[in-house]
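Biologist: I have this model open beside its sequence, and I would love a close look at one part of it. Could you pick a strand in the middle of things and walk me through its surroundings?

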Amino acid sequence: YFLRAFKTLLFDLLILQQGLPSRTQNETKGQYHEVTIFVIPSLSPIDWSNPANLYSSTSKCFLKAATTKTQYIIGHTIARVSSPNLKKPVFAAMSGSRAREKAELVLTRGLGLGSLGATIGGHIEPVDHIHEGIETHKKQKRIAYIKFRINEQALQRILKFIDGFQRKINKDVAPCNLYNGATWPRYENEGAGCSAFGMSILDVAHLLPNESRDWRVEVKIPMHLIGGVFNHNKKISLKTILQTKSWYRGKGIPDVDFVHHKLYDPSIIYNWILNMRNQNHPEYLPDMENNIPGLLVDRQGVFVDENEPIFLQRQNSDLFTRTYHNEIRNLFRKEA
């Protein structure tokens with residue numbers, strides 16, 4: 001008995017000297033409050049260098065989907081909340097209700113790059129669908145995560161946010177039913193794209209790191225590439241998009257000459273995580289869970305002012321978000 005205990009102690013000491021955890025994932029499961037953001041990259045790299053390349057590279061993703069098993073063609077973000085206070089982990093991911101609808105905005109309805117700010121049907125994915133997606137992409141080695149160890153206040157704020165995002169704003173519709181790549185769901189009654197939803201889960205608990213600025217894409221979309229309700233119901237041809245080799249340059253007039261669009265790209269976050277695992281960073285520690293590579297970050301000391309609401313009021317808007325809120329007002333008019 002004493003020899004076995006000594007060997008165990010020696011093994012633990014050797015592991016600790018290497019800076020690695022001395023317990024397995026299963027042994028530590030449930031000891032901490034944690035929020036984990038899983039990211040899945042696009043099937044093929046998406047090129048944001050100009051509108052033509054954006055369209056061409058996104059098209060390659062959809063073509064590759066015909067021969068590759070996937071649930072997430074242009075990347076995805078999944079959140080998991082775990083705690084000893086919960087009977088089981090809470091999984092949450094936002095996606096469009098119909099995968100085909102995103103393509104229809106460009107190919108059928110002629111919105112052009114207005115599709116980046118258009119609202120389509122959305123939903124919180126069923127848990128079994130999320131599990132299947134994680135397993136599929138784990139086998140393909142196309143998934144990574146960043147795990148934040150948090151305090152109970154952060155846990156409660158995150159759970160309230162996820163619940164509130166699914167609460168109906170009228171008798172038929174909740175924010176989670178409104179998929180939109182230009183909205184930010186920390187703002188009251190705003191829907192989201194998949195990555196904005198995942199990042200808002202971090203933001204509500206002040207976990208979104210400064211480095212997250214590197215996870216975003218920011219472009220000025222020329223107005224001649226934006227159609228539909230945003231631009232006098234114009235229809236934008238694919239030829240027009242493919243002939244446009246640069247984003248809007250210069251100052252110009254926002255919402256007249258261009259729309260300033262920004263979003264978090266799951267592929268960028270995925271590559272950032274893999275790169276950070278090799279940096280020996282004091283805060284972002286390499287982690288591995290069920291053969292999925294990730295990072296572990298301790299944020300147990302981060303607290304939020306108790307007076308800060310879960311959902312905020314939007315102060316600034318652009319053409320995309322103003323149109324979104326007009327649509328929301330129309331929902332209330334119809335209900336009345």
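Modeller: Happy to! One definition before we start: two strands count as paired if DSSP finds at least two bridges between them. Please keep in mind that this is a predicted model.

Let's take strand β1, residues 33-42. Is it buried or exposed? Of its 10 residues, 10 are buried, so β1 is largely enclosed by the rest of the structure. For a sense of the setting, the protein has 10 helices and 11 strands, and 47% of its 336 residues are buried.

Which strands does β1 pair with? One is β2, which runs antiparallel to β1 and is joined to it by eight bridges. You can find this pairing on screen by looking at I37, which stands opposite A79 in β2. Another is β6, also antiparallel to β1, with seven bridges between them. Here a good landmark is T36, whose bridge partner in β6 is K147. Strands of a sheet pair through backbone hydrogen bonds, either parallel or antiparallel.

Now for the side chains. In a regular strand they alternate between the two faces of the sheet. The largest nonpolar core has 67 residues, and V35 and I146 are among those with the most contacts inside it, together with I158, F197, M199 and I221. Helix α6 gives this core its largest share, seven residues. There is also a second, separate core of 11 residues, which includes I78, A93, I130 and I143.

I146 is worth a click. Leaving out residues up to four places away in sequence, I146 touches V35, T36 and I37, and its other contacts are W272, I273, Y284, L295 and V297.

Two of those contacts, W272 and I273, lead us to helix α9, where both are buried. This helix covers residues 266-276, and its buried residues also include P266, S267, I269, Y270 and M276. What covers them? The list includes β1, β2 and β6, as well as α7, β9 and β11. At the N-terminal end of α9, D265 acts as a cap, with a side-chain oxygen 2.9 Å from the backbone nitrogen of S267.

Helix α6, the contributor to the core mentioned above, runs from residue 152 to residue 165. Its 14 residues reach 20 Å from the first C-alpha to the last, close to the 20 Å expected at 1.5 Å a residue. The buried residues of α6 are A154, L155, R157, I158, L159, F161, I162, G164 and F165. I158 is the one you met among the residues with the most contacts in the largest core. This helix has an N-terminal cap too: a side-chain oxygen of N151 lies 3.1 Å from the backbone nitrogen of Q153.

To put your strand in context, look at an open sheet of three strands, ordered β4-β5-β7 and paired antiparallel. There β4 and β7 stand at the edges with a single partner strand each, so one side of each has no neighbour in the sheet. Between β4 and β5 there are three bridges, and S95 has H123 as its bridge partner in β5.

So, back to where we began: β1 is largely enclosed, with 10 of its 10 residues buried, and it pairs antiparallel with β2 and with β6.

Key: Residues are numbered from 1 along each chain as its sequence is written. This is a predicted model: local features need pLDDT of at least 70, side-chain atom pairs count only at pLDDT 80 or more; totals for chains, interfaces and linings use all residues. Side-chain values use heavy atoms; hydrogens and water are left out. Helices (H or I, at least four residues) and strands (E, at least two) are DSSP runs, numbered from the N terminus. Buried means under 20% relative accessible area, exposed over 50%, partly exposed in between (1.4 Å probe, protein chains only). Contact means heavy atoms within 4.5 Å. A polar contact is a pair of N or O atoms within 3.5 Å; within protein, one must be able to donate a hydrogen and the other to accept it, and residues adjacent in sequence count only if both atoms are side-chain atoms. The expected span of a helix is 1.5 Å times one less than its number of residues. A nonpolar core is a set of buried Ala, Val, Leu, Ile, Met, Phe, Trp, Tyr and Cys residues joined through side-chain atoms within 4.5 Å.
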